Amino acid sequence: MSEPIIASTTPFPVDVTAGRKYFWCACGRSAKQPFCDGSHKGTEFEPVPFTADADKTLYFCGCKRTGNAPLCDGSHAAL
């Protein structure tokens, strides 16, 4: 498997809405980071679905190296 593009070396804070489904960009190519815009087409990557369980601010991974997709786990600190 190839490495995704690093979209950001910091996480993206997002105010999510309970019950809403989000699609996190796993390839790093999307112009609508941290979410998918279909730019992964033709690659081995697929967006990661995520449904918010509450209204709150979450930090979505920007480096695309997280072990807790789609949320940041601090992996960007090792880049």
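Modeller: Before we start: helices (H or I, at least four residues) and strands (E, at least two) are DSSP runs, numbered from the N terminus. This is a predicted model, where local features need pLDDT of at least 70, side-chain atom pairs count only at pLDDT 80 or more, and totals for chains, interfaces and linings use all residues. Residues are numbered from 1 along each chain as its sequence is written, and side-chain values use heavy atoms, with hydrogens and water left out.

Biologist: OK, in what order do the elements of the chain run from the N terminus on?

Modeller: The chain has 0 helices and 4 strands. Reading from the N terminus, that gives β-β-β-β.

Biologist: What is the radius of gyration of the chain?

Modeller: The radius is taken over C-alpha atoms, and the globule rule is 2.2 Å times the number of residues to the power 0.38. For 79 residues the rule gives 12 Å and the chain's own value is close to that, so the chain is as compact as a globular protein of that length. The C-alpha atoms fill a box of roughly 35 × 30 × 20 Å along the principal axes, and the radius of gyration is 12 Å.

Biologist: What share of the 79 residues is buried?

Modeller: Buried means under 20% relative accessible area, exposed means over 50%, and partly exposed is in between (1.4 Å probe, protein chains only). By that cut-off, the buried share of the 79 residues is 37%.

Biologist: And which residues have the most contacts inside the largest nonpolar core?

Modeller: A nonpolar core is a set of buried Ala, Val, Leu, Ile, Met, Phe, Trp, Tyr and Cys residues joined through side-chain atoms within 4.5 Å. The largest one has 13 residues, and β1 (12-16), β2 (21-24) and β4 (56-60) each give two or more residues to it. Those with the most contacts inside it are V16, Y22, F50, L58 and F60.

Biologist: Let's stay with Y22. Is it buried or exposed?

Modeller: Y22 sits in strand β2. Leaving out residues up to four places away in sequence, Y22 touches D15, V16, T17, F35, V48, P49, F50 and A52, where contact means heavy atoms within 4.5 Å. Its relative accessibility is 6%, so Y22 counts as buried.

Biologist: What does F60 touch, not counting residues up to four places away in sequence?

Modeller: F60 is also among the core residues with the most contacts. Its partners include V16 and F50, which are on that core list too. The full set is P11, F12, V14, V16, W24, P34, F35, F50, P70, L71 and C72.

Biologist: L71 turns up there. How far apart in space are L71 and W24, C-alpha to C-alpha?

Modeller: L71 is in the segment after β4, and L71 touches L58, Y59, F60, C61 and T66 once residues up to four places away are set aside. L71 and W24 are 47 residues apart in sequence, yet their C-alpha distance is 9.0 Å.

Biologist: Which residues does a cis peptide bond with omega of about 10° join?

Modeller: Most peptide bonds are trans. One cis bond joins Q33 and P34, with omega of about 5°, and P34 is in the loop between β2 and β3. P70 is in the segment after β4, and the cis bond with omega of about 10° joins A69 and P70.

Biologist: Which residue has a positive phi although it is not a glycine?

Modeller: Most residues other than glycine have a negative phi. The exception here has a phi of about 70° and is found in the segment after β4. With 7% relative accessibility, it counts as buried; the residue is K64.

Biologist: With which residues is H40 in contact, leaving aside its neighbours within four places in sequence?

Modeller: H40 lies in the loop between β2 and β3 (48-51). At 11% relative accessibility, H40 counts as buried. Its contacts are C27, F45, E46 and P47.

Biologist: Last one: does T10 count as buried or partly exposed?

Modeller: T10 lies in the segment before β1 and is in contact with G62 and H76, leaving aside neighbours within four places in sequence. At 43% relative accessibility, T10 counts as partly exposed.
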